[in-house]
Amino acid sequence: MKTVMFKKALFILLFLASFIGFSQSLPLSKDAKISILTCGLGNETYSYFGHTAVRVFDPSNNIDIVYNYGAFDFRTPNFVAKFAKGDLQYFIITHPFSDFISEYSNDKRSVYEQELLIGLPLKQKIFDNLNHSLFSEERYYTYKFIDKNCTSMVVDVINKSLNQNAITKKGDTDKTYRSILFPYFDGHFYDQLGTSIIFGTKVDQMGTRIFLPFELKNSLDKTTFQNKPLVAKSKTLLEFTKETPKSWWNNIYTYLFILLFVIFARNKTVDKIYFLILSLMGIFFVIMGFYSFHQELAMNYNVLLFSPLLLVLVLFSIFKNKLWTYRFSLINFVLLVIYFLFLINKAHFFITLPLIITSGVVLVRTAIRNKKPIPIII
């Protein structure tokens, strides 16, 4: 979040604390409303999937605040390492609604509101639980891409307050998480490619959990509670058309150009550099799979394409060991065929297919170069 949002959030924290003493929430009036805010997609990495927040509006108590579970602090020591490892602490924070909506207006991102159609006692319970999270150790949580994020935390606090799993996913439960994520990268080709190859088997599971803001919005529209709709008809607070960014380099054409260059260069040095890059990426994937707590990075079968064994092939090639260069060319080609067959029904098949073809061509070419000729006996 931006610095100005944090400053305003601190003011709200102090304001709430003066009323509720960190333990018991201010009693809401009969005019109080609680609603779910769904924020549109942006072109920054953190905003690709949108955002979810909770608004508490009580004009009788001069309250109009937004509870946001998606905050983190860039000043955290070893921020990048913690984020990669998966133990970075996110936290809940509050904003004045006017500042929240102004921020999204400046960013040209849509905001939709769905008011919860529940009685005052349940509104009070949600308010109490939100404030308990805000002023207790529950304020902090370990972020998980699928299982624990700004959207899933909102689902959890509302279901807890309603004393049942009233909000469950409606629709797209027959799609994998990977398939659900894929369209969100429109206009960000290399982000799409990068997430396709760094994610492992977890994202190939069926997407039965609500983990994205618009999944929650669509599910709320179809959710009933006590035989009545849980939310009112969605209200548009801000409406913007997402602009797909144009980039001379971040597109499929540069990707294909580079791979076609590798194929048609027919140069040993280019081939070695290509294999070296792939092998180093594969080593990185393996290390991250063991190092990171992010389950999405574990069991990454994409190392069959980005095989660390390609590094061995490169070393044998550098030392001009034709026999073992040939053998490791065949070994890696077999791994590539297995990967191709395994990937056919996956969402990222077509985006990785050019890489598969390029690797296949270069591996065959390397094997042919290093295959010893069969002696002819006369």
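**A tour from helix H11 outward**

Begin just past helix H11 (309-318), where H11 is followed by Lys320, a residue whose phi is positive, near 55°; helices here are DSSP runs of H or I with at least four residues, strands are runs of E with at least two, and both are numbered from the N terminus. Bear in mind that this is a predicted model, in which local features need pLDDT of at least 70 and side-chain atom pairs count only at pLDDT 80 or more, while totals for chains, interfaces and linings use all residues. Residues are numbered from 1 along each chain as its sequence is written, and side-chain values use heavy atoms, with hydrogens and water left out.

Next, select Leu310, Leu313, Val314 and Ser317, which are the buried residues of H11 (buried means under 20% relative accessible area, exposed over 50%, and partly exposed in between, with a 1.4 Å probe and protein chains only). They cover an arc of only 100° around the axis, which puts them on the same side of H11; the arc is that of the directions from the helix axis to the C-beta atoms. Show H10, helix H12 (322-343) and helix H13 (349-370) as well, for these are what the buried residues of H11 pack against.

Now turn to the aromatic rings, selecting Phe285 and Phe306, whose ring centres are 5.6 Å apart and whose planes stand at 75°, so the pair is edge-to-face. Rings of Phe, Tyr and Trp (its six-membered ring) pair if their centres lie within 6.5 Å, and planes under 30 degrees apart count as stacked, over 60 as edge-to-face and the rest as tilted. Phe285 lies in helix H10 (residues 268-291) and Phe306 in the loop between H10 and H11, so the pair ties together parts that are 21 residues apart in sequence. Both Phe285 and Phe306 are buried.

Move on to Phe349 and Phe350, where the ring centres are 5.1 Å apart and the planes at 75°, so this pair too is edge-to-face. Are these two rings' residues buried or exposed? Phe349, at 9% relative accessibility, counts as buried, whereas Phe350, at 66%, counts as exposed.

Finally, select Leu130 and display its contacts (heavy atoms within 4.5 Å): leaving out residues up to four places away in sequence, Leu130 touches Val54, Val56, Tyr67, Tyr69, Ile92 and Val157.
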